[in-house]
Amino acid sequence: MSALMAAPGAEAITRPIPSSGEPLPVIGMGTWRTFNVGGDQHLVSERTQVLKTFFEWGGTLVDSSPMYGSADDVMGEALDALNAHERVFGANKIWTRDGGATREQDRASRRKWGIDRFDLQQVHNLLAWEPHLETLKQMKADGDIRYLGITTSHGRRHRDFARIMEQEPLDFVQLTYNVLDREAEQRLLPLARERGIAVIANRPFQGGSLFRRYQSEPLPGWAAEAGCGNWAEFFLKFIVSHPAVTCAIPATTKVKHMEENMGAQYGNLPDEQQRRQMADYVAGL
């Protein structure tokens, strides 16, 4: 039984974006690998159903990048099919070594999505971050984007990342954080709280490897007390219960898995003691 069916009228868990106070649901959606399906209309239709389910469960933030092959094009087709351009909190990235191509790449991605502007535009993996970030600041001032940020993944360049967080007026950062990859707890997550920066957690399932490693293992008996009814909720609620994390962006190709992911957006979140139990349990398996 889904969380929505189990609790009619249940409210999605949200976190405020620190720079504005705008509430954001804690489970977003990534498109890395999953939406890179080219022109295969059968697969595009399947991804459209995944996005439809995401919206039905109260999701808003969808994250993509020009780096992700055809993901931007497929997202545009899905948004068109669902007439959902007003429902999405669009998050995209600038990914080019050409520091003068920021606006051009933003326009290209907007055309593919079929939207007037992105809510969030991010410098992807710090590529040519200085000129891109300067342009994004001006774009935000002009109203061409609502929020700006930077991204990293796989635990790379955390020292550079922290320095930029300390010096630049960022609304968001995106970084890798999950129950096994916890390096961000040392510096980046505390710094985000200190600086009032929203955090998007990528690779919440380690690209699916957490399921391959643990799905045959039983959930601990106390998992329900932490609000977790399956491994997807366990992994995601661990992430979004950290006080610095604004949302996590799991990616999937299946409606059933999307429903499991979105269940983490309802019910209760683990407290600090339960978070320690969760990390210890997984580490001990």
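## A tour of the sheet and its aromatic neighbours

Begin by selecting strand β8, helix α7 (residues 188-195) and strand β9, which together make a right-handed β-α-β unit. Keep in mind throughout that this is a predicted model.

With that unit on screen, colour β8 (residues 172-176) and β9 separately: the two strands pair in the parallel sense over 5 bridges, and valine 173 stands opposite valine 199 in β9.

Next, isolate β9 itself, residues 198-202, and switch on its side chains. How many of the 5 residues of this strand are buried? The count is 5 of the 5, so β9 is largely enclosed by the rest of the structure. Turning the strand about its axis lets you inspect each face in turn, with Ala198, Ile200 and Asn202 on one side and Val199 and Ala201 on the other, and both faces are covered.

Now add strand β10 (residues 247-248), which pairs with β9 in the parallel sense over 2 bridges; here the residue to pick is cysteine 247, the bridge partner of isoleucine 200.

From here, widen the selection to the whole sheet, which is open and consists of 8 strands paired in parallel, in the order β3-β4-β5-β6-β7-β8-β9-β10. Which strands stand at the edges? They are β3 (29-30) and β10, each of which has a single partner strand, so that one side of each is left without a neighbour in the sheet.

Moving along the sheet, select strand β4 (residues 61-63) together with strand β5 (residues 89-94), which run parallel and are joined by 3 bridges. Within this pair, valine 62 stands opposite glycine 90 in β5.

For the last stops, hide the backbone and show the aromatic side chains, among which the structure holds 18 aromatic pairs. One to centre on is phenylalanine 54 with phenylalanine 55, whose ring centres lie 5.7 Å apart and whose planes meet at 50°, so the pair is tilted. Phenylalanine 54 counts as buried at 0% relative accessibility, and phenylalanine 55 likewise counts as buried, at 5%.

Then select Phe205, Phe211, Tyr214, Trp222, Trp231, Phe234, Phe235 and Tyr281 in a single command, since together these residues form one aromatic cluster.

Finish at phenylalanine 238 and arginine 275, where the charged end of the arginine sits over the phenylalanine ring, 4.3 Å from the ring centre.

Methods. Residues are numbered from 1 along each chain as its sequence is written. This is a predicted model: local features need pLDDT of at least 70, side-chain atom pairs count only at pLDDT 80 or more; totals for chains, interfaces and linings use all residues. Side-chain values use heavy atoms; hydrogens and water are left out. Buried means under 20% relative accessible area, exposed over 50%, partly exposed in between (1.4 Å probe, protein chains only). Helices (H or I, at least four residues) and strands (E, at least two) are DSSP runs, numbered from the N terminus. Two strands pair if DSSP finds at least two bridges between them. A crossover is right-handed if, with the strands pointing away from the viewer, the path from the first strand over the helix to the second runs clockwise. Rings of Phe, Tyr and Trp (its six-membered ring) pair if their centres lie within 6.5 Å; planes under 30 degrees apart count as stacked, over 60 as edge-to-face and the rest as tilted. A charge sits over a ring if NZ of Lys or CZ of Arg is within 6 Å of the ring centre and within 35 degrees of the ring normal.
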